[in-house]
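Work through the two exercises below with the structure open, and follow each solution step by step.

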Amino acid sequence: MKLHKHGLDRREFVKTSTAAAAAFSIIPSRVLGNQAPSNKINIAAIGAGGKGRTNITRSSSQNLIAFADVDDERAAKTYQEFPGVPTFRDFRKMLDKHEKDIDAVLISTPDHMHAYAAMECMRRGKHVYVEKPLTHDVFEARKMTEAANKYGVITQMGNQGHSGEGIRQICEWIWAGVIGEVREAHAWTNRPLWPQGFKEPAPKEPVPGHLSWDLWLGTAPWREYNKAYVPWNWRGWWDYGTGALGDMACHIVDPIFWALKLKYPVSVVGSSTPTTDQSFPWGSVIRFEYPEREGLAPVKLSWWDGGMLPPRPDELEDDRILGDRDGGCLFVGSKGKIMCGCYGKDPCLLPEKTHKEFLAGGLPEPTIPRIEGGIDAHQMDWINNIKAGTKPSSNFDYAGPLSESILMGNLSLKYQGQVLNWDGAAMKYTNNEEASKYVKRVYREGWEMEGLS
């Protein structure tokens, strides 16, 4: 078989599609070919600075085909480290030029561009790794989940803790009945670490030459450039980010969502410091209620951010903090409590004496496959599943509903203290028609996409 600089010759790649690949209908034979797990896949990246750089670095054992980033300065360090990789500002031009070579794409843009970029890639048959939260809007998350199955691609959301040891231990302990029936859970974060609470747009400033502002805005409404938005603080603005909840809940709520087998809540109610039409509040408390599912009891899940914390468990020793410095979650069971840090790290029963006795008695038998490298191998887990023709555990069938659940929590902040009843299947609030309009946003003219806008 002939090889070229990117590995398998593409014509051979197509010709040698095997029965093993055909057995996995989720992966197109034209993409998988006869690719053994030891072969490299060809990866492009949309977003090469910041988190994009991390994702590229952790995928650099593969063939890096092309990078796209709207900010040359932000991406400069990555471009310097991989000088032979072609670079673009407009990812659509990158896809057009290298479509035949690209197998998979890393997407690390601001939240408002996740769905648009990922949908364009999936329609071209490319596997996608998309940073958390999966999308900016509830509607987008549903459509992304559907599209992944429609186009038969391998997907992963960038909630790295999902590949860790801690989240697997939590699931196994709860499924083994270690703390009994769980009807209450809490999750919290130290975010936001960026400004929020703005009442007005920032004033116009000259656009720096290293940035394509129109491409950065993409699907979002037009507004004049100001450094208050990029490259980091976009997280606090409604048009681009998803606030503290969207930024961290896909990490922190993840153990609760997986262990308790959650999907769509039936209601949500939020309260916060002052919120505006422009920006998220400095702090919020949001309560989700989930119905019975798979024989499990209904659950009330409370989210806390901006420095606010749930009631301190009586079982927690005075010299210990809740979770860790970044946040954590707490499961309240009928027979005990489990606490962990951010990303599901270091789970433990409360109090410490109970945890030591639990460990001495032997842990429940592992039932969930472990990922070698854990949290740091989340990107490689996606790559390895592409090669094997299997689905990673944070694929869009899982990550889509998780993101939907979290994103609808943000909508509750627009209706302070009101209980919003949610029909998850229909993606609408049953007692507030006005609130339902926020489930799906309108894309900027020229950025419309069939199926999303």
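**Exercise 1.** Find how many disulfides the structure holds, and explain the result for Cys250 and Cys348.

*Solution.* The structure holds zero disulfides, where a disulfide is a pair of cysteine sulfur atoms within 2.5 Å. This is a predicted model, in which local features need pLDDT (the predictor's confidence in each residue, from 0 to 100) of at least 70, side-chain atom pairs count only at pLDDT 80 or more, and totals for chains, interfaces and linings use all residues. Residues are numbered from 1 along each chain as its sequence is written, and side-chain values use heavy atoms, with hydrogens and water left out.

Take Cys250 to begin with: the closest cysteine sulfur, in Cys342, is 12 Å from its own sulfur, which is too far for a bond. Cys250 is also buried, with a relative accessible area of 0% (buried means under 20% relative accessible area, exposed over 50%, partly exposed in between, with a 1.4 Å probe and protein chains only).

Then take Cys348, whose sulfur lies 8.4 Å from the closest cysteine sulfur, in Cys340, so that this pair too is too far apart for a bond. Cys348 counts as buried, at 9% relative accessibility.

**Exercise 2.** Decide which residues of the chain have pLDDT under 50.

*Solution.* Begin with the whole protein chain, whose mean pLDDT is 92, with 92% of its residues reaching 70 or more. Next, look at residues 1-36, over which pLDDT stays under 50. Where pLDDT is low, the predicted coordinates should not be read in detail.

Conventions
Contact means heavy atoms within 4.5 Å.
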